[in-house]
Amino acid sequence: MPVKLTLEMVIFAALAGAAALAAVGVVAFRNATRSALCLVFNFFVLGFLYFSLQVEMLGITQVVVYTGAIMVLFIFVIMLLNLGSSHLLAEKFDGKKPVGIFFGIALAVLLSSQIVPMFARTESKPLVYPLGDSKVVGQTLFTSYVFPFEAVSFLLLVGIVGSILLAKRRMS
Amino acid sequence: MQDVLAAFGRAILLILPIFGPVPVIIWWERRLLSWMQDRIGPNRTGNITFSRNSRMIPSFLKGKKIKLFGLLQSIADGIKLFLKEDIMPSKTDKLLFIVAPFIALFVSFTLGATVPFSGDLRFTPVADVNIGLLYVLAISSLGAYGLVLAGYSSNNKYSLIGGLRASAQLISYELAMGVSLASIVMMSGSLKLTDIVNQQQNTPLYNLNFAPFTLIANWNILSPMGFVSGIVFFICMLAETNRPPFDLPEAENELVAGYHTEYSTKRWALFMMAEYMAMFVFSMIWFTIFMGGYHLLPVRSEFLDGIEQKVGFLLGPLTMMLKGAFGLSVYIWVRATFPRLRYDQLMNLGWKFLLPLSVGNLMITASWIFANRVYGNAVGWGVVCIGYAILGIVWLRTRRKKQDEKQFGSRSIDMVVSSVRFSSPEIAAVADATEGL
Amino acid sequence: MNGVPLSAYLGLSMFMFSTGVIGVIIRRNPIVIFMCIELMLNAVNLAFLSFARYKFATAEGSLESAMGGPMFVIFVMAVAAAEVAVGLGIIMAIFRLRENIDVDELNLLKG
């Protein structure tokens, strides 16, 4: 299959390489803070990949929700637990690791050998339906998907109540 | 290739008006603050007095004084900071220690990329994307990382507590900020900042099409909903930039200097520059969203529009700089006026006052838009009055109840203190000492 | 993206997913395991969006089918946020109870 080198391909390669490296870093770093930072970087780059797919609304939501809120929470908790006891989160070696890595690579090979060749020729055609337009996203969310939307809002409410209960100190 | 070069050019056009004024901003803060505190402040650096009898000096300069009112003070400070010995404490996480100030700087530089500086779209904004407002929220939420990483990597408990406070504070105030912006988005019907500016200037006040109202532009701050969300956004803005009275991450009488305790020289200067640039950009963003952006006056007239079309590319940036400077002065005024909040007060203000207020404001905005469209103008404003009355009554009721209750500290900080105490006995002593934190 | 085939995005998505799986298996720190789960969720999100862009948002699709991907991504994000809030609360609670959060040593229910 002839591959033409375009500017878009170079940009994609840079973004995808950064995302993949950061993903490896999440697993490979022993220090939990560095893992978290790699994940932050991965999510940030993923936002740009969403931009490259012309889903701007979701790309920016990715940055707001994941890097801006969820990962700050992660880092907050890591630091809270790390405070004064840095040995706590250190990792030890055990026999599970090679087996786990083997299974992970096997999964990757299996998945990609089945799916990647199928879509190797699927080029991007011009965008007809504006996926990333905030108006279209909002309209779809509040018309066709209003029931799941309400269900998710209820889930979030339950989540808030649950986390407050968990964080509350026991009454003595 | 040309597109890439154009993108670089636009990025530089953004960085210049943000990075350029930093020395002036610092000088202005020190001078204004000292004027408010009845001091003099830096007023000497940069003054030149030419000798009266040296031959090297041309005759028209002999004995003349050039006064710069201390304007060069921050440049002198900068030179000093960049020439000092670079100290990095032992057992720091070196990579993160170096990266942290750059993250803060990155956030400040990129924050204003969607802010329009003039009606002439050839030059600004850098990227006129149709999610400009969300972009501002997204980038400002990244600001926590610089502070948290600085606190973590310094290997110092005061720094760490400062970083923790920064992350908790940013998460808390982000919410109220987002919700307060949501009502502006509902009123202007767009997330694009140029659209928000144009919508403010091109519609008559309150959308009323008769005599006195058609002359005045519909700036968001002039409507009650916009006013409330403007106030909420301003308070959240103070908290996001870690300025007094919300400067708990660097509270110097509790935490030495908070997250930048271990930072010195260039790296500390980078933090300071990032903070001042973030202040400047945030005030410009505030004026863009609430007070007409690059338009100087809330007046709609053919004459002014004509002027704007002729010299808009000059007038717009000048207006934005002026508005940014005014916002900065308010920042400094607030710093000189209010004492620092206690941690539980900070959390209470964010979660129990600003968030409910902005959610209530959002509901009122929604019902105003609905009533306006369906039943007409008069009913719409009636709904607004009733809405604010209900909001006020609820606030008064809850306030009276709160006074009867015994006051408890905030949960989150109890959590911090208890886990600190849990993890090691030495730190327990520190935690006891900083009980009020 | 002109010239980038769909399989490039899918390959990246699969790589991230497998990395997340490996992380869940080999790491013993519950916070890192949690982060790997987030990584897997995001890999799936990327696959959703690339399919929506390449297969359904073009001339042969329809608006209804094209919006399926973005909608799912929004719901995944919301669920992930709720999950993180509760999950980190649980980790904090375990830490306060046991002073130890190694998942291999949390075997109280083993009998």
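The following exercises, each with a worked solution, concern a predicted model.

**Exercise 1. The contact between chain C and chain A**

Describe the contact between chain C and chain A by its residues, its buried area and its polar pairs.

*Solution.*

Step 1. Begin with the participants: chain C contributes 85 residues and chain A contributes 86 residues.

Step 2. Turn to the area. About 7600 Å² is buried between chain C and chain A, and 76% of it lies on carbon and sulfur atoms.

Step 3. Locate the side of chain C that touches chain A. Helix 1 (6-26), helix 2 (30-56) and helix 3 (63-98) of chain C each supply at least two of its residues. Helix 3 of chain C provides the largest share, 29 residues.

Step 4. Sort this side of chain C by residue class: 56 residues are nonpolar, 17 are polar and 12 are charged.

Step 5. Count the specific pairs. Between chain C and chain A there are zero salt bridges, while six residue pairs are in polar contact, both residues being at pLDDT 80 or more.

**Exercise 2. A salt bridge in chain B**

Identify the partner of B:Asp86 in a salt bridge and state where the two residues lie in the chain.

*Solution.*

Step 1. Over all chains, the structure holds seven salt bridges.

Step 2. In one of these, the side chain of B:Asp86 meets that of B:Arg267, with an N to O distance of 2.7 Å. This distance satisfies the criterion for a salt bridge, because the nitrogen has to be within 4 Å of the carboxyl oxygen.

Step 3. Place the partners. B:Asp86 belongs to the loop between helix 3 (73-83) and helix 4 of chain B, and B:Arg267 belongs to helix 10; the pair is 181 residues apart and links distant parts of the chain.

Step 4. As a general principle, side chains of opposite charge can pair when their charged atoms come close.

**Exercise 3. The largest cavity**

Determine the volume of the largest cavity and the origin of its lining.

*Solution.*

Step 1. The whole structure contains five cavities of 30 Å³ or more, and the largest encloses about 240 Å³.

Step 2. Its lining comprises 19 residues, of which B:Gly143, B:Leu147, B:Glu240, B:Asn242 and B:Ala278 are the closest to the centre.

Step 3. Helix 4 (94-111), helix 5 (132-153) and helix 10 (265-290) of chain B each give at least two residues to this lining. The largest share, five residues, is from helix 10 of chain B.

Step 4. By class, the lining of the largest cavity consists of 11 nonpolar, five polar and three charged residues.

**Exercise 4. The second largest pocket**

Establish which helices line the second largest pocket.

*Solution.*

Step 1. The second largest pocket has a volume of about 1400 Å³. Of its 35 lining residues, A:Phe48, A:Phe51, B:Ala7, B:Val126 and B:Ala127 lie nearest the centre.

Step 2. At least two lining residues come from each of helix 1 (7-28), helix 2 and helix 3 of chain A, and from each of helix 1 (2-19), helix 4 and helix 5 of chain B. Helix 1 of chain B gives the most, eight residues.

Step 3. The lining of this pocket divides into 27 nonpolar, four polar and four charged residues.

**Exercise 5. Backbone geometry**

Specify the backbone features found at B:Pro245 and A:Gln54.

*Solution.*

Step 1. Recall the general background: most residues other than glycine have a negative phi, and most peptide bonds are trans.

Step 2. B:Pro244 and B:Pro245 are joined by a cis peptide bond with omega about 0 degrees. B:Pro245 is in the loop between helix 9 (224-240) and helix 10 of chain B.

Step 3. A:Gln54, although not a glycine, has a positive phi of about 65 degrees. A:Gln54 is found in the loop between helix 2 (32-52) and helix 3 (56-82) of chain A.

Note on methods:
Residues numbered from 1 in each chain as written. Chains lettered and ligands numbered in written order. Predicted model: local features only at pLDDT ≥ 70, side-chain atom pairs only at ≥ 80, totals over all residues. Heavy atoms only, no water. Contact = heavy atoms within 4.5 Å. Buried area = accessible area lost by both parts, 1.4 Å probe. Polar contact = N/O pair within 3.5 Å; in protein donor to acceptor, adjacent residues only side chain to side chain. Helix = DSSP H or I, 4+ residues; strand = E, 2+ residues; numbered from the N terminus. Nonpolar A, V, L, I, M, F, W, Y, C, P; charged D, E, K, R; others polar. 1 Å grid on protein atoms, 1.4 Å probe; cavity = no way out; pocket = protein on both sides within 12 Å on 5 of 7 lines; lining within 4 Å. Points joined across faces, edges and corners; volume = space filled by probe spheres on them.
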